[in-house]
Amino acid sequence: MFKRVFGKAKQEANPLPTIHKLNDTLEMLEKKEKVLVKKAAQEVEKAKQFTQAKNRNAAIKCLKRKRLYEQQIEQLGNFQLRIHDQMIMLEGANATTETVDALRSGTAVMKAMNKATKIDDLEKTMDEINDQTESMKQIQDALSAPIGAAADFDEDELEAELEELEGAELEEELLQPATSAPAAPVYVNPEAGRQPARPAPQRNNREEDELAALQAEMAL
């Protein structure tokens with residue numbers, strides 16, 4: 001007996017079968033309601049026929065049956081409303097239960113992940129990464145270091161030699177204008193090319209002399 005009771009309680013803990021059953025009951029009540037509505041309409045038609053036949057007693061009986069059908073229709077409507085309310089409550093409770101189960105599952109997974117990833121293991125992993133990075137850096141430095149004859153070169157001596165070359169080049173640049181002054185660029189006036197044509201003024205003077213001589217002859 002206890003097993004049946006507990007087993008039934010465990011079965012009712014799942015709302016889905018109950019929701020399906022309520023839905024089936026709701027469909028059944030809707031079908032019955034349609035049948036009763038049809039019967040009530042038929043009684044009204046019968047009452048009209050008996051009224052035309054002047055049979056009042058039969059017409060009243062039809063109206064009474066119609067009233068009974070209407071009462072049953074109203075009762076079925078109340079049943080449907082109650083079932084709708086219960087279905088809405090169960091669906092809401094089911095959504096709540098599924099949400100809680102999902103949150104519990106997420107929490108359990110998170111706990112398992114945190115348990116698998118310990119802070120000590122994380123620190124150890126980070127130390128190993130730093131060690132590997134430092135080792136790789138040392139390897140790269142060793143590979144980039146000069147070997148053979150290049151390893152014997154003194155960097156300070158090379159720097160001093162480079163400074164001497166730079167100083168000599170600067171001194172040569174400073175002395176260059178004094179030793180190569182004739183090579184300095186000379187500005188040439190575009191009008192300077194016409195200077196060889198100076199005999200022209202002599203032509204003008206000759207013309208003036210001829211003109212003066214001509215005027216003297218005319219005066220005579």
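Begin by selecting Ile119, Leu122, Met126 and Ile129, which together form a nonpolar surface patch with about 370 Å² of accessible area (Shrake-Rupley method, 1.4 Å probe, with only the protein chains shown counting as cover for residues). In such a patch, residues have over 30% relative accessible area and no salt bridge (a side-chain nitrogen of Lys or Arg within 4 Å of a carboxyl oxygen of Asp or Glu); nonpolar side chains are joined within 5 Å, and like charges within 9 Å.

The model is predicted: local features need pLDDT of at least 70, side-chain atom pairs count only at pLDDT 80 or more, and totals for chains, interfaces and linings use all residues. Residues are numbered from 1 along each chain as its sequence is written, and side-chain values use heavy atoms, leaving out hydrogens and water.

Next, select Met126 alone. Met126 belongs to helix α4, residues 119-144 (helices are DSSP runs of H or I, at least four residues, numbered from the N terminus). Met126 is partly exposed because its relative accessible area is 42% (buried is under 20%, exposed over 50%, partly exposed in between; 1.4 Å probe, protein chains only).

Now move to helix α5, residues 155-179, and pick out Glu172. Glu172 counts as exposed because its relative accessible area is 58%. Glu172 is one of the residues of a negative surface patch, among them Glu155, Asp156 and Glu173. Asp and Glu count as negative, with the charge placed at CG of Asp or CD of Glu.

Finally, display the whole protein. Six helices and zero strands are present. Of its 220 residues, 9% count as buried. The protein exposes about 19,800 Å², of which carbon and sulfur atoms supply 57%.

How values were computed:
Helix = DSSP H or I, 4+ residues; strand = E, 2+ residues; numbered from the N terminus.
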